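Got your viewer open? Let's take a walk through this one, selecting a piece at a time and looking at what is there.

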Protein chains: 2
Amino acid sequence: MEPLAFHHHDHSHCEGDVMHRAEALAKEQRLRLTPVRKRVLEILLEAHKAMGAYDVLQRLAAEGFGNQPPVAYRALEFLVEHGLAHRIRRLNAFTACMHPGEAHSPAFLICRQCDSVAEADAAGVRAALGASAEALGFTIERSNIEALGLCPACKTE
Amino acid sequence: MEPLAFHHHDHSHCEGDVMHRAEALAKEQRLRLTPVRKRVLEILLEAHKAMGAYDVLQRLAAEGFGNQPPVAYRALEFLVEHGLAHRIRRLNAFTACMHPGEAHSPAFLICRQCDSVAEADAAGVRAALGASAEALGFTIERSNIEALGLCPACKTE
DNA sequence: CTTGACTTGTGATATTATCACATATACGCC
DNA sequence: GGCGTATATGTGATAATATCACAAGTCAAG
């Protein structure tokens, strides 16, 4: 898994690229990536950071979609459900998945200064967590791993 | 770190024991464990599971403390700040720390069936997470690691 | 072209959390 | 002990986040 955040990169390209993969994935899995859902994913990708449901809703409403909370929440729930977006509980916010398709349940690194959110490789983390849980006889089904701190860019400023 | 949850144990004793350690810790660190704060900790310990701020508030109000949200939130914030309680973001809830004093920032195992919350050893998890973060130049300051699944008791039922 | 499953729009409401300001209490210092 | 300051609490209002319920619309299979 390549860490996309915290590095300079062709931003518009990364949007298109991820979007492309998301659409391919949706087709492959017979997911219905409807206009609202697709637009929400685009909005998240454009923002390139975590957005609250109401921020997303505002954008949607401005574009002629419904302006009631369920419109945003339902689309976001769909995207999260199918691995196209992630929910950042610490921020009560959502962010586009940068690695759709690649089975992963990443750890999130949240910069407290610039609010950027990066997906970090969590393979080792999950292994360790699984071991701890197993020692207690607990079976993990889903998990969220979030860290708050300073990103490299903000550290040097 | 001993896993207290998921095992039968002398419940009333564990309450008193943890409370005792919390008070000792407070004295040692010159923390002001005021009546509201102490009572909130007791309530969390008695419940022995995660409680929402408004649940706590209801209990407080019934006992003559203030009945406005900040009363509960302030006490809970204090307890979390000083390691006497933990915030479970997945549940928008709080739980008493079962290991006050022992420097730890545990992983939480949340049973989706019975809503019990156990603190699991997170030393390995944090090491792995720190390694992933460091690889990206990110400095972790705080983190929350939560897993949802089935506890041993609910698995066999 | 009809049925049934899924999706969206909409209004209302529930739940969680914070702000602002007045009052009261505890602590350090003299 | 008395004073001044920092800290804590009470209270009303409000903000931010999330869900429910139901009607209407859309899509796809048969």
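## Stop 1: where the two chains meet

Start by coloring chains A and B separately, then select the contact between them: 36 residues come from chain B and 36 residues from chain A. Keep in mind as you look around that this is a predicted model. The area buried between chain B and chain A is about 3,100 Å², and carbon and sulfur atoms give 58% of that. Now pick out Arg90(B), Leu136(B) and Phe138(B): within chain B, these lose the most area to chain A, together 22% of what that side buries.

How many degrees of turn lay chain B on chain A? Try superposing them: a turn of 180 degrees does it, with a shift of 0.0 Å along the axis and an RMSD of 0.1 Å. The two copies are therefore related as by a two-fold rotation axis. What about the surfaces they use? Of the interface residues of chain B, 100% are also interface residues in chain A, so the copies meet through the same surface.

## Stop 2: a hairpin in chain A

Next, hide everything but chain A and select residues 85–88, which make up strand β1(A). Add residues 93–96, strand β2(A). The two strands run antiparallel and are joined by 4 bridges. To see one facing pair, click on Ile88(A), which stands opposite Ala93(A) in β2(A). Together β1(A) and β2(A) form a hairpin, with 4 residues between them. While you're in the turn, click on Asn92(A), which has a positive phi of about 45 degrees.

## Stop 3: DNA strand D

Bring everything back and select DNA strand D. Which residues come nearest to DNA strand D? Of the 17 around this strand, they are Tyr54(A), Pro70(A), Arg87(A), Thr34(B) and Arg74(B). Sugar and phosphate account for 49% of the atoms of DNA strand D that come within 4 Å of the protein.

Zoom in on some side chains now:

- Tyr54(A) has a polar side-chain atom 2.6 Å from a base nitrogen of DNA strand D.
- Arg74(B) has a side-chain N or O atom 2.7 Å from a base nitrogen of this strand.
- Arg37(B) has a side-chain N or O atom 3.2 Å from a phosphate oxygen of the strand.

Switch to a cartoon view to find the elements that give two or more residues to the surface here: α4 (69–81) of chain A, together with α2 (35–47) and α4 (69–81) of chain B. Of these, α4(A) gives the most, with 4 residues. Color the surface residues by class and you get 7 nonpolar, 4 polar and 6 charged.

## Stop 4: DNA strand C

Last stop: select DNA strand C, which is surrounded by 16 residues. The closest are Thr34(A), Arg74(A), Tyr54(B), Pro70(B) and Arg87(B). Sugar and phosphate make up 50% of the strand C atoms that come within 4 Å of the protein.

Here are some side chains to click on:

- Arg74(A) places an N or O atom of its side chain 2.6 Å from a base nitrogen of DNA strand C.
- Gln68(A) has a side-chain N or O atom 3.2 Å from a base nitrogen of this strand.
- Arg87(B) has a polar side-chain atom 2.8 Å from a phosphate oxygen of the strand.

Back in cartoon view, look for α2 (35–47) and α4 of chain A and α4 of chain B: each supplies at least two residues of the surface near DNA strand C. By class, that surface has 7 nonpolar, 4 polar and 5 charged residues.

Technical notes:
Residues numbered from 1 in each chain as written. Chains lettered and ligands numbered in written order. Predicted model: local features only at pLDDT ≥ 70, side-chain atom pairs only at ≥ 80, totals over all residues. Heavy atoms only, no water. Pairing = 2+ DSSP bridges. Least-squares fit on C-alpha atoms with pLDDT ≥ 70 in both. Contact = heavy atoms within 4.5 Å. Near = heavy atom within 4 Å. Polar contact = N/O pair within 3.5 Å; in protein donor to acceptor, adjacent residues only side chain to side chain. Nonpolar A, V, L, I, M, F, W, Y, C, P; charged D, E, K, R; others polar. Buried area = accessible area lost by both parts, 1.4 Å probe.
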